Amino acid sequence: MDEENFGFCPRCGAKLQQSANFCPDCGNILKEDAVNHGAGYGAYADTRTGKDRPMKGMFLAAFVLLVIYSVYSVSEGIYLIVNAEGIFQIMDDMFVDMFGTGIVDYIYDDMGIMITEAEYVESFRMMGYISLISGIFSVIAAVLCYMRRRKNIAIAAIIASTLVTLVIAGILNIVIGFLVAYFVYRSPEYFID
């Protein structure tokens, strides 16, 4: 708590103003007179809101997960839509190599399900559209979180992104989606409106 520490906070390294009694980032007490006037640790409350408040904790985790999922889901969706025939051909060749018969014949022989090559290719495209729509909802949520606007719409977009994938996603995907929505819900101080 001496004068030479006032360039940066000794606890978190944040830049400080010369007259600061508390670190604006971590609340660290910087001057003796703040202690003598009854302001103990934690008395500093970060009053910054919206864009002034740096992303931290749950909100930062939610934002990073949204960005990662957005990039992955949109990329996967476009890839599946554009390359559905190629994916089918690769899988069909693998089944011929492994089982001596194409995937459509294997499914019919093994499971008794009649599916055509065109239906199989269309199922890849459908998964691509689902992934793309989910990714678009996630992009909307990530942009709103980045802009610190419309918290409730951001949460709704995250939930919509999660629900769209119910058809093709595993339980882990769904749990993470609702967890991200919860993180954003618990971070109202980061939003302007």
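This report describes the fold of a predicted model, one buried serine and one nonpolar surface patch.

The chain has seven helices and zero strands, and its order along the sequence reads α-α-α-α-α-α-α. Of its 193 residues, 37% count as buried. Among contacts between residues at least 6 apart in sequence, 55% join residues at least 24 apart. The chain exposes about 11,400 Å², and carbon and sulfur atoms supply 63% of that area.

Two residues of helix α2 are set side by side below.

| Residue | Helix | Relative accessibility | Class |
|---|---|---|---|
| Ser73 | α2 | 1% | buried |
| Leu65 | α2 | 37% | partly exposed |

Helix α2 covers residues 57-82 and includes Ser73. Ser73 counts as buried because its relative accessibility, 1%, is under 20%. Leaving aside neighbours within four places in sequence, Ser73 is in contact with Ser131, Leu132, Ser134 and Gly135. With Gly135 there is also a polar approach: a polar atom of the Ser73 side chain lies 3.4 Å from the backbone nitrogen of Gly135.

Leu65, also placed in helix α2, belongs to a nonpolar patch on the surface together with Ile171, Leu172, Val175 and Ile176. The accessible area of these residues together is about 470 Å². Helix α7, residues 171-185, gives the largest share of the patch, with four residues. Leu65 has a relative accessibility of 37%, so it counts as partly exposed.

Technical notes
Residues numbered from 1 in each chain as written. Predicted model: local features only at pLDDT ≥ 70, side-chain atom pairs only at ≥ 80, totals over all residues. Heavy atoms only, no water. Helix = DSSP H or I, 4+ residues; strand = E, 2+ residues; numbered from the N terminus. Buried < 20%, exposed > 50% of the residue type's maximum accessible area, 1.4 Å probe, protein only. Contact = heavy atoms within 4.5 Å. Areas by Shrake-Rupley, 256 points an atom, 1.4 Å probe, with all protein chains shown as cover. Polar contact = N/O pair within 3.5 Å; in protein donor to acceptor, adjacent residues only side chain to side chain. Patch = residues over 30% accessible without salt bridge, like charges linked within 9 Å, V, L, I, M, F, W, Y side chains within 5 Å. Salt bridge = Lys/Arg side-chain N within 4 Å of Asp/Glu carboxyl O.
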